[in-house]
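Biologist: Please show me the model, and then I will ask about the chain and its ligand.

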Amino acid sequence: MRFIVGILIWTLSVTPIWSQKKTNMESPSVPLIGDPAPSFVAESTNGTIHFPADFGRNWKILFSHPRDFTPVCSTEILELAHAEREFEKLGAKLVVLSSDKLETHFAWKTALEEIDYKDRGPVKINFPLVDDQAYEISDLYGMSHPNAKRGKNIRGVFFIDREDRVRAIYFYPAEIGRNTEETLRTLIALQKTDDDFNVKTPANWYPGDPVMIAYPNTLMEENMKRDDSIYFQYAWFMIFWQNENASSAVP
Ligand code: BEZ
């Protein structure tokens with residue numbers, strides 16, 4: 001009898017824990033645009049990481065993977081390593097996590113560094129591969145998609161600015177490799193629009209293309225009437241500035 005009562009008490013005491021866990025899994029909380037980047041401490045191939053504090057006033061790009069030695073993820077890491085200098089030049093640090101253990105991260109890193117991918121020669125992976133075998137960081141960033149096999153969709157990219165705020169997010173499924181060019185383009189566009197609050201980037205924008213003017217002031221409107229105006233428009237609500245290298249101060 002005491003045994004049955006004991007089982008009953010145990011069942012009642014663990015039920016809320018299980019149901020809470022299920023609820024969390026059903027509603028993963030993704031830090032959204034404008035939110036502070038959740039902080040964590042974790043081991044990585046570059047030692048212990050305090051995120052985002054260790055990366056100071058740099059931009060941070062948090063890039064996640066479900067498992068080491070996965071084929072698509074391997075190509076993404078090789079492409080990131082190849083482009084790392086470009087991220088550095090933009091003042092951005094790459095932080096890559098994978099829901100696997102540190103030993104496997106080191107083995108994956110060594111194997112990747114031996115590959116001559118696209119005949120470019122071997123690359124060094126200087127950015128940290130962060131241990132997330134317990135899914136703690138993935139869960140903190142709402143990356144465990146409840147209707148997918150555990151971990152499968154931990155394939156997010158979080159753009160975090162100098163003030164440690166989330167500025168852009170995207171998720172790709174396991175079947176589709178993320179585009180390093182798009183990661184760079186997003187970063188450059190964020191920096192460009194931060195530099196000038198009045199500038200936006202249109203669809204398919206690439207650095208050097210015309211940018212858009214969100215709120216033309218009177219002097220800009222005057223300039224638009226000139227034949228040699230540096231602005232052009234498709235409609236009153238779609239104004240472009242063709243000389244994006246000039247200062248946005250009204251000419
Ligand atoms: C990959 O190829 O990277 C991959 C495969 C299965 C699950 C997640 C990722």
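Biologist: What percentage of the residues of the protein chain count as buried?

Modeller: This is a predicted model. A residue counts as buried when its relative accessible area is under 20%. Of the 251 residues of the protein chain, the share that meets this is 41%.

Biologist: How many helices and strands does the protein chain have?

Modeller: Helices are runs of at least four residues, and strands of at least two. On that basis the secondary structure comes to 6 helices and 11 strands.

Biologist: Among contacts between residues at least 6 apart in sequence, what percentage join residues at least 24 apart?

Modeller: A contact here is a pair of residues with heavy atoms within 4.5 Å. Among those in the protein chain that join residues at least 6 apart, the part that spans at least 24 is 64%.

Biologist: Which residues surround the ligand, and how many of them are nonpolar?

Modeller: The ligand is surrounded by Pro66, Thr70, Pro71, Val72, Cys73, Lys152 and Ala174. This shell includes 1 polar and 1 charged residue. The number of nonpolar residues is 5.

Biologist: Which residue has a polar backbone atom 2.8 Å from an oxygen atom of the ligand?

Modeller: Thr70 places a polar side-chain atom 3.5 Å from a ligand oxygen, so Thr70 fits the polar contact limit of within 3.5 Å but the atom belongs to its side chain. Pro71 does offer a polar backbone atom, at 3.3 Å from an oxygen of the ligand. The backbone atom at 2.8 Å belongs to Val72.

Biologist: What percentage of the ligand's accessible area does the protein cover?

Modeller: On its own, the ligand has 260 Å² of accessible area. The protein covers 78%.

How values were computed
Residues numbered from 1 in each chain as written. Predicted model: local features only at pLDDT ≥ 70, side-chain atom pairs only at ≥ 80, totals over all residues. Heavy atoms only, no water. Near = heavy atom within 4 Å. Polar contact = N/O pair within 3.5 Å; in protein donor to acceptor, adjacent residues only side chain to side chain. Areas by Shrake-Rupley, 256 points an atom, 1.4 Å probe, with all protein chains shown as cover. Nonpolar A, V, L, I, M, F, W, Y, C, P; charged D, E, K, R; others polar. Buried < 20%, exposed > 50% of the residue type's maximum accessible area, 1.4 Å probe, protein only.
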